Amino acid sequence: MENDKLKIDFCEFSKESACYIIEPSDIPNIDLYMDQVITYLQSNLESTYFSDEKFITKAMINNYVKTSIVAPPIKKHYTKQHIAYFMVVTILKRCYSMSQISQLIEIHTHMKYSSVEQAYDLFISLFEDSLNDLFSLNETEHAFISTNQEQKLMEHVIQCIVYKIHTEYVLSQK
């Protein structure tokens, strides 16, 4: 009985959180100031956090730029590409250090994609699929068509994050 209740809760969470993962087509086509970026990311990612922790701040954004994880803004404006990077960094930092995130982004964007948008689209697609599968208690594997070491690494990275979200969710329900 308890397992059925958790499954229902997971499904509800999964439905809610899937709505807030930013699809590439949903990222604004206009440049945003830092405060707008923070508001945008907070409103789109808050459903995947189960505490009041600050997951994106001005200091964090400045640090990402300072450490070259994300390119500097253009005349204090952040583009669609910046938003995609911030989204991925915010998701990855749940489990990984900034140096690891920098390496992972480098690997992912240079695998076989011609643009950052395509790499972001695949990352978000795999993240959403994994999140939805875990919270609905499915055991589907989402493998790349031609699996190599880098692609397997990305799958494992995403699974690690999804399992952490799942664990945080279960603990928040106790």
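How many aromatic pairs does the structure hold? The structure, a predicted model, holds three aromatic pairs.

## Aromatic rings

Phe 123 and Phe 127 form one such pair, and their rings are stacked. The ring centres are 6.4 Å apart, with 5 degrees between the planes. The pair counts as stacked because planes under 30 degrees apart fall in that class. Both residues sit in helix H6, which covers residues 116-135. Four residues separate Phe 123 from Phe 127, about one turn of the helix. Phe 123 is buried, and Phe 127 is buried too.

A ring cluster also occurs elsewhere in the chain. Ring pairs join Tyr 64, Tyr 78 and Phe 86 into this cluster.

## Salt bridges

Side chains of opposite charge can pair when their charged atoms come close. Here the count is four salt bridges. Among them are the three in this table.

| Salt bridge | Closest N and O atoms |
|---|---|
| Lys 58 and Asp 35 | 3.2 Å |
| Glu 168 and Arg 94 | 2.2 Å |
| Glu 155 and Lys 152 | 3.6 Å |

Take the salt bridge of Lys 58 with Asp 35. Lys 58 belongs to helix H3 (residues 58-66) and Asp 35 to helix H2 (residues 34-45), so this pair ties together parts that are 23 residues apart in sequence. Lys 58 is partly exposed, at 43% relative accessibility. Asp 35 is partly exposed as well, with a relative accessible area of 46%.

Next comes the bridge of Glu 168 with Arg 94, at 2.2 Å between the closest N and O atoms. Glu 168 is in helix H7 (residues 149-172). Arg 94 is in the loop between helix H4 (80-92) and helix H5 (98-109), so the pair ties together parts 74 residues apart in sequence. Is Arg 94 buried or exposed? Arg 94 counts as buried, because its relative accessibility is 8% and the cut-off is under 20%. Glu 168 has 22% relative accessibility and counts as partly exposed.

The bridge of Glu 155 with Lys 152 lies within one helix, H7. The two residues are three apart there, about one helical turn. Glu 155 is buried, at 7% relative accessibility. Lys 152 is partly exposed, with a relative accessible area of 31%. Salt bridges with shared partners also make a network, which joins Arg 94, Lys 164 and Glu 168.

## Helix packing

Two packed helices are described by the angle between their axes and the distance between the axes. Helix H4 takes part in two packings described here, one with H5 and one with H6.

H4 and H5 pack at an angle of about 130 degrees, and their axes are 10 Å apart. That angle makes H4 oblique to H5. The crossing of H4 past H5 is right-handed. On the H4 side, the meeting residues are Tyr 85, Val 88, Val 89 and Leu 92. On the H5 side they are Met 98, Ile 101, Ile 105 and Thr 109.

What is the angle at which H4 and H6 pack? The angle is about 35 degrees, with the axes 10 Å apart. This crossing is left-handed. From H4, the contact is made by Lys 80, Gln 81, Ala 84, Tyr 85, Met 87, Val 88, Ile 91 and Leu 92. From H6, the residues are Val 116, Glu 117, Tyr 120, Phe 123, Ile 124 and Phe 127. Phe 123 and Phe 127, the stacked pair, are thus part of the H6 side of this contact.

Tyr 85, Val 88 and Leu 92 of H4 are named in the contact with H5 and again in the contact with H6.

## Two residues up close

Ala 84 lies in helix H4. Its relative accessibility is 5%, so Ala 84 counts as buried. Setting aside residues up to four places away in sequence, Ala 84 touches Ile 27 and Tyr 120. Ala 84 and Ile 27 are 57 residues apart in sequence, yet their C-alpha atoms are 7.8 Å apart in space. Tyr 120 belongs to the H6 side of the contact with H4.

Gln 36 lies in helix H2. At 39% relative accessibility, Gln 36 is partly exposed. Its C-alpha atom is 9.3 Å from that of Tyr 78, and the two residues are 42 apart along the chain. Tyr 78 is one of the residues in the ring cluster with Tyr 64 and Phe 86.

Notes
Residues are numbered from 1 along each chain as its sequence is written. This is a predicted model: local features need pLDDT of at least 70, side-chain atom pairs count only at pLDDT 80 or more; totals for chains, interfaces and linings use all residues. Side-chain values use heavy atoms; hydrogens and water are left out. Rings of Phe, Tyr and Trp (its six-membered ring) pair if their centres lie within 6.5 Å; planes under 30 degrees apart count as stacked, over 60 as edge-to-face and the rest as tilted. Buried means under 20% relative accessible area, exposed over 50%, partly exposed in between (1.4 Å probe, protein chains only). A salt bridge is a side-chain nitrogen of Lys or Arg within 4 Å of a carboxyl oxygen of Asp or Glu. Axes are lines fitted to C-alpha atoms, for helices over the stretch in contact, and angles run from 0 to 180 degrees between N-to-C directions. Angles under 35 degrees count as roughly parallel, over 145 as roughly antiparallel, 65 to 115 as roughly perpendicular and the rest as oblique. A crossing is left-handed if the near helix is turned anticlockwise from the far one by less than a right angle, and right-handed if clockwise. Contact means heavy atoms within 4.5 Å.
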